[in-house]
Amino acid sequence: MSTLSWTTFAAPSKFERLASALMPWLWTLCLIMSTAGLYTGFIVAPTDFQQGQSYRIIFIHVPAAWMSMVLYMAMALWAAVGWAFKVRLASMLARAIAPTGAMFTFIALWTGAFWGKPTWGAWWVWDARLTSELILLFLYLGYMALTEAIDDPRRSDAAGALIALVGAINVPIIYFSVRWWNTLHQGASISMTAAPKMASTMLTAMLLMTIGFWAYAFAVVFTRTRAIVLERERDTQWVQALVNGRNERNGHKE
Amino acid sequence: MSTSQWHSLSQFIAMDGYGLYIWGAYGVTLLCMVIEPLMAGHRRRQAWRSAQEMAATEQEEL
């Protein structure tokens, strides 16, 4: 048996096998955790004494906002690794993360607007938290537009890595914006240094939804990475062997 | 609804008048999170088919 190290799955062929095996587990985890999170959030968790029922948007808003930031950092990291060390799979992962990150950024903004309207009386305000999150959406879209516009994969990955790294400065700005500026947006829901300000059932629901969203992100990003791997490596021997293998198996069944 | 906080389905949907905001937020989130995996899956199947076609033409050439 070959030895397992941190570079083992850097080979696209190994990644393809691993990701394909993980897929049903990730989707199962996503469904179980999201269902449990929604049940806890809507049936178990009580009404908020300040915000009434509208606070229930938190169970998707905060996990989506967390994912939008975490995915950006992951995208920048893999883009940088792919660029600096010429690891093909790392660049492909970065490319695969961008649309999912952009989608979670959009969800964070959308659910935020639907929470802001009943709470503040406005769908949108130019507050530091909201504005920096909107910039994050533009960074994702800019990264996607730039990388799609350049046909040569290596040049495209390099240009993408540059914009991803420069844009990464925005993520701590989003995170600390509620502390650095006097924002309309409320402070952090969870802090490492203070006891949670929320009821424990609300916190549980939010964390269950977060695990569900994590599983979703892994599943979708891996699916898209598998697509990119096939697109870029379809003329290699291992891909041809892979698709032929499935061909033969299908042939026997028929 | 098992607990005492919801007495009927209509009360649950109304969410004390916040129904539009809550379901507007959740509905769009659900829509996005259904469409995105379908698109990613479609892209993968297309890439698979095009790799198969490429493999088939190369075998014919041999």
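The following dialogue works through a predicted model of two chains, feature by feature.

Me: What secondary structure elements does chain A have, and in what order do they run?

Reply: One begins by listing the elements from the N terminus. Chain A has eight helices and zero strands, so the order, by DSSP assignment, reads α-α-α-α-α-α-α-α. Its C-alpha atoms fill a box of roughly 60 × 40 × 35 Å along the principal axes.

Me: How much of chain A is buried, and what share of its contacts comes from residues 24 or more positions apart?

Reply: Burial is judged residue by residue, and contacts are sorted by their separation along the chain. Of the 254 residues of chain A, 40% count as buried. Among contacts in chain A with a separation of 6 or more, 78% are between residues 24 or more positions apart.

Me: How does chain B compare with a compact globule of 62 residues in radius of gyration?

Reply: The radius of gyration is set against the value expected for a globule of that length. For 62 residues a compact globule would have a value near 11 Å, but chain B has 24 Å. The box filled by the C-alpha atoms of chain B is roughly 75 × 25 × 10 Å along the principal axes. Chain B contains two helices and zero strands, and buried residues make up 18% of its 62 residues.

Me: How is the length of a helix checked, and what span should H3(A) have?

Reply: The check multiplies a rise per residue along the helix and compares the result with the distance between the end C-alpha atoms. At 1.5 Å a residue, the 33 residues of H3(A) should span 48 Å, and the end C-alpha atoms are 47 Å apart, which agrees. The same test on H4(A), residues 128–149, gives an expected 32 Å for 22 residues against 31 Å between the ends, again in agreement.

Me: Where does H3(A) bend, and what follows the helix?

Reply: A bend is located by comparing the helix axis on either side of a residue. H3(A) bends by about 25 degrees at Ala98(A), and Pro99(A) follows within four residues. After H3(A) comes Gly121(A), with a positive phi near 90 degrees.

Me: Is H3(A) largely enclosed or not, and why?

Reply: One counts how many of its residues are buried. In H3(A) this holds for 25 of the 33 residues, so the helix is largely enclosed by the rest of the structure.

Me: Which residues of H4(A) are buried, and what covers them?

Reply: Buried positions are listed first, and the elements in contact with them second. The buried residues of H4(A) include Arg129(A), Glu133(A), Leu136(A), Tyr140(A) and Tyr143(A). Their cover includes H2, H3, H5 (153–167) and H6 (170–180) of chain A.

Me: Which residues have the most contacts inside the largest nonpolar core, and which elements supply it?

Reply: A core is traced by linking buried nonpolar residues. The largest one has 75 residues, and Ile57(A), Met75(A) and Ile97(A) have the most contacts inside it. Elements that each supply at least two of its residues are H1 (12–44), H2, H3, H4, H5, H7 and H8 of chain A, together with H2 (19–61) of chain B. H7(A) gives the most, with 17 residues. Leaving aside neighbours within four places in sequence, Ile57(A) is in contact with Thr111(A), Phe114(A) and Trp115(A) as well as with Tyr21(B), Ile22(B) and Ala25(B).

Me: How many residues of each chain are in contact across the interface?

Reply: Contacting residues are counted on each side. There are 34 residues of chain A in contact with 30 residues of chain B. On the chain A side, H3, H7 (200–233) and H8 (237–253) each supply at least two residues. That side divides into 17 nonpolar, ten polar and seven charged residues.

Me: Which non-glycine residues have a positive phi, and are they buried or exposed?

Reply: Most residues other than glycine have a negative phi. Lys86(A) has a positive phi of about 55 degrees although it is not a glycine; Lys86(A) lies in the loop between H2 and H3 of chain A. With 11 other C-beta atoms within 10 Å, Lys86(A) is exposed. Met15(B), also not a glycine, has a positive phi of about 50 degrees and lies in the loop between H1 (9–14) and H2 of chain B. Met15(B) is partly exposed, with 19 other C-beta atoms within 10 Å.

Terms used
Residues numbered from 1 in each chain as written. Chains lettered and ligands numbered in written order. Predicted model: local features only at pLDDT ≥ 70, side-chain atom pairs only at ≥ 80, totals over all residues. Expected span 1.5 Å × (residues − 1). Buried ≥ 20, exposed ≤ 12 C-beta atoms within 10 Å, placed from the backbone. Contact = placed C-beta atoms within 7 Å. Rg over C-alpha atoms; globule rule 2.2 N^0.38 Å. Nonpolar A, V, L, I, M, F, W, Y, C, P; charged D, E, K, R; others polar. Core = buried A, V, L, I, M, F, W, Y, C linked by C-beta atoms within 7 Å. Bend = angle between axes of the 7 residues up to and from the residue.
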